[in-house]
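I opened my notebook today to look through a new structure, one step at a time. Here is what I looked up, in the order I got curious about it.

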Number of protein chains: 2
Amino acid sequence: MPRPRLKSRENLVQNAMWVFWTKGYYATSVDDLVKATGVARSGIYSEFGGKAEAFQSCLAHYRKVVTGPAIAILNDQEDGLQAIRQYFSYFIDKHRQHGLPGPGCFIANVVTEVAPHSEAVDREVSAHKAKLQQGFKAALRRAVGQARCDLSPSEIESLANFLTIASQGLWSYARTMHELTEIENFARDALVLVEAKLSPIQEEYRSDR
Amino acid sequence: MPRPRLKSRENLVQNAMWVFWTKGYYATSVDDLVKATGVARSGIYSEFGGKAEAFQSCLAHYRKVVTGPAIAILNDQEDGLQAIRQYFSYFIDKHRQHGLPGPGCFIANVVTEVAPHSEAVDREVSAHKAKLQQGFKAALRRAVGQARCDLSPSEIESLANFLTIASQGLWSYARTMHELTEIENFARDALVLVEAKLSPIQEEYRSDR
DNA sequence: ATAGTTTCGGAACGATCGTTCTATAAGGGG
DNA sequence: CCCCTTATAGAACGATCGTTCCGAAACTAT
């Protein structure tokens with residue numbers, strides 16, 4: 001009965017997400033969304049409700065199609081160390097496709113710009129952080145078992161938390177980096193540190209304080 | 001001869017900086033600056049030139065009064081490890097004063113929100129990153145000497161780069177953290193990793209790939 | 001006291017913001 | 001065929017944006 005939607009509606013969320021991701025929330029106008037998506041103003045309002053809700057939907061979409069698969073690698077790849085390696089490779093590949101300076105991680109951008117102003121966004125960010133951290137933890141647990149070293153559960157928890165926050169720094173700076181090797185070097189160094197932690201004798205040489 | 005400026009002009013940059021720092025660039029209006037600083041619109045325009053220039057001045061001011069002293073600790077504190085410890089303590093103390101969730105690091109906020117849209121801001125961010133990284137490098141060099149271990153210059157460079165980017169993640173997430181211990185734990189874990197790196201025997205147990 | 005100079009407070013500008021509304025176009029069921 | 005529903009494009013809304021402008025206030029040097 002009704003007039004059929006134009007095909008542009010199929011990719012509405014995907015295209016809107018890209019605009020918010022690269023330009024940020026406040027610097028993106030509804031007109032930007034109209035132009036970038038090819039969907040009429042009313043279409044955007046009927047689909048999302050408003051700019052704030054559109055942003056929220058794009059953020060959820062990002063978690064589903066971008067960070068979801070990345071965290072799945074951490075959870076599913078049997079070799080724990082290899083899982084962490086592939087997690088970084090996943091984002092590095094994305095940045096290779098997008099070109100540098102890249103868009104970084106949508107969530108990393110949102111943490112500083114929007115999360116402090118919106119409870120709903122803050123909850124989404126917290127949920128992501130928890131999922132990522134638990135992914136790192138799962139991967140580290142497997143790595144510890146495979147390396148037969150003696151990291152305690154609380155040490156694994158700490159290291160997972162550290163990796164979560166540290167990689168946030170990487171995806172932030174990816175927005176200003178001009179060379180892919182800068183990202184690759186960080187990932188390599190992170191893995192070297194994890195591997196050092198997994199060395200069975202690390203306890204003997206703890207610092208004195 | 002002329003009418004004297006009100007005393008509010010003395011703290012103009014300081015107060016304007018705080019607004020940009022906590023609210024971000026696009027979410028801050030010139031009216032917000034007027035209200036927060038107590039300086040008339042014309043005063044702000046005669047002082048800075050415009051909103052963009054005001055932001056640039058505040059960013060430079062932030063580097064002078066906030067990150068400058070922090071990086072000075074890395075460069076001046078004789079004990080290299082202690083220098084890194086005090087660098088983190090410096091920001092943790094600031095967040096203790098400000099309360100949580102805190103403002104994070106102004107520059108960390110700017111990297112994601114503004115740097116991709118402004119060459120001038122991007123240059124300021126790059127300059128900061130270089131200074132911080134070279135501070136970490138100087139502190140690490142002293143720490144290596146004091147621990148009598150065998151880290152190569154390029155390994156020191158890598159570790160300094162890693163710490164620079166990783167701490168960026170910390171100051172980003174500080175905007176959403178509700179417990180000071182979350183920040184303290186990250187700092188502690190970072191130092192544990194550095195200390196592990198400084199163990200003289202770490203080379204023997206390198207991973208196989 | 002008066003004239004001169006600069007800041008102050010706030011009105012006013014055009015542009016753009018997010019949002020709402022309206023008239024038109026496009027198909028499916030009677 | 002006509003009607004009904006819904007999406008479209010775009011006009012229009014009030015609010016707010018960054019910026020400019022102006023009269024009144026405030027202090028000094030004469």
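The entries below go from the whole chain down to single residues.

**Entry 1: how far to trust it**

I began by noting that this is a predicted model. Next I looked up the confidence: chain A has a mean pLDDT of 92, and 91% of its residues reach 70 or more. One stretch made me careful, since residues 202-209 of chain A have pLDDT below 50. Beyond near neighbours in sequence, that stretch has seven contacts in the model. Among the elements of chain A, I found the lowest mean pLDDT, 92, in helix H3 (residues 41-48). The highest, 98, belongs to helix H6 (residues 106-113) of chain A.

**Entry 2: the overall build**

How many helices and strands does chain A have? I counted nine helices and zero strands. Reading along the sequence, I wrote down α-α-α-α-α-α-α-α-α for chain A. The C-alpha atoms of chain A fill a box of roughly 70 × 35 × 30 Å along the principal axes. Of the 209 residues in chain A, 41% count as buried. I also checked which parts of the chain meet: among contacts in chain A with a separation of 6 or more, 66% are between residues 24 or more positions apart.

**Entry 3: two helices with a ruler**

I picked helix H8 of chain A, residues 153-173, to test a rule of thumb. At 1.5 Å a residue, its 21 residues should span 30 Å, and the end C-alpha atoms are 31 Å apart, so the two values agree. H8(A) is also mostly covered, with 15 of its 21 residues buried.

I repeated the test on H5(A). Its 19 residues should span 27 Å at 1.5 Å a residue, and the end C-alpha atoms are 28 Å apart, so this helix agrees too. Then I listed buried residues in H5(A), among them A:Leu81, A:Ile84, A:Tyr87, A:Phe88 and A:Phe91. A:Arg85 and A:His95 are on the buried list as well. What covers the buried residues of H5(A)? The cover includes helix H4 (51-76), H7, H8 and helix H9 (180-197) of chain A.

**Entry 4: the nonpolar core**

I reminded myself that nonpolar side chains tend to be buried together in soluble globular proteins. Here the largest nonpolar core has 114 residues. Which of them touch the most other members? They are A:Cys58, A:Val110, B:Cys58 and B:Val110. I followed A:Val110 further: leaving out residues up to four places away in sequence, it touches A:Leu59, A:Ala115, A:Val121 and A:Val125.

**Entry 5: two copies**

I superposed chain B on chain A: a rotation of 180 degrees with 0.0 Å of shift along its axis does it, at an RMSD of 0.0 Å. The two copies are therefore related as by a two-fold rotation axis. The same surface serves both copies, as 100% of the contact residues of chain B recur in chain A.

Then I looked at where the chains meet: 43 residues of chain B are in contact with 43 residues of chain A. On the chain B side, the elements that give two or more residues are helix H6 (106-113), helix H7 (119-147), helix H8 (153-173) and helix H9 (180-197). H8(B) gives the largest share, twelve residues. By type, the residues on this side of chain B divide into 20 nonpolar, 17 polar and six charged.

**Entry 6: odd backbone spots**

Most residues other than glycine have a negative phi, and most peptide bonds are trans. With that in mind, I went looking for exceptions. A cis peptide bond joins A:Leu100 and A:Pro101, with omega about -5 degrees. A:Pro101 is in the loop between helix H5 (80-98) and H6 of chain A. Chain B has a cis peptide bond between B:Leu100 and B:Pro101, where omega is also about -5 degrees.

Just after H5(A), I noted A:Gly99, whose phi is positive at about 85 degrees. A:Arg148 is not a glycine, yet its phi is positive, near 50 degrees. It is located in the loop between helix H7 (119-147) and H8 of chain A. Is A:Arg148 buried or exposed? It counts as exposed, because it has 8 C-beta neighbours inside 10 Å. In chain B, B:Arg148 has a positive phi of about 50 degrees, and B:Arg148 is exposed, with 8 other C-beta atoms within 10 Å.

Key. Residues are numbered from 1 along each chain as its sequence is written. Chains are lettered from A and ligands numbered from 1 in the order in which they are written. This is a predicted model: local features need pLDDT of at least 70, side-chain atom pairs count only at pLDDT 80 or more; totals for chains, interfaces and linings use all residues. Helices (H or I, at least four residues) and strands (E, at least two) are DSSP runs, numbered from the N terminus. The expected span of a helix is 1.5 Å times one less than its number of residues. A residue is buried if 20 or more other C-beta atoms lie within 10 Å of its own, exposed if 12 or fewer, and partly exposed in between; C-beta atoms are placed from the backbone. Two residues are in contact if their C-beta atoms, placed from the backbone, lie within 7 Å. pLDDT is the predictor's confidence in each residue, from 0 to 100. Copies are superposed by least squares on the C-alpha atoms of residues with pLDDT of at least 70 in both. A nonpolar core is a set of buried Ala, Val, Leu, Ile, Met, Phe, Trp, Tyr and Cys residues joined through C-beta atoms within 7 Å. Ala, Val, Leu, Ile, Met, Phe, Trp, Tyr, Cys and Pro count as nonpolar, Asp, Glu, Lys and Arg as charged, and the others, Gly among them, as polar.
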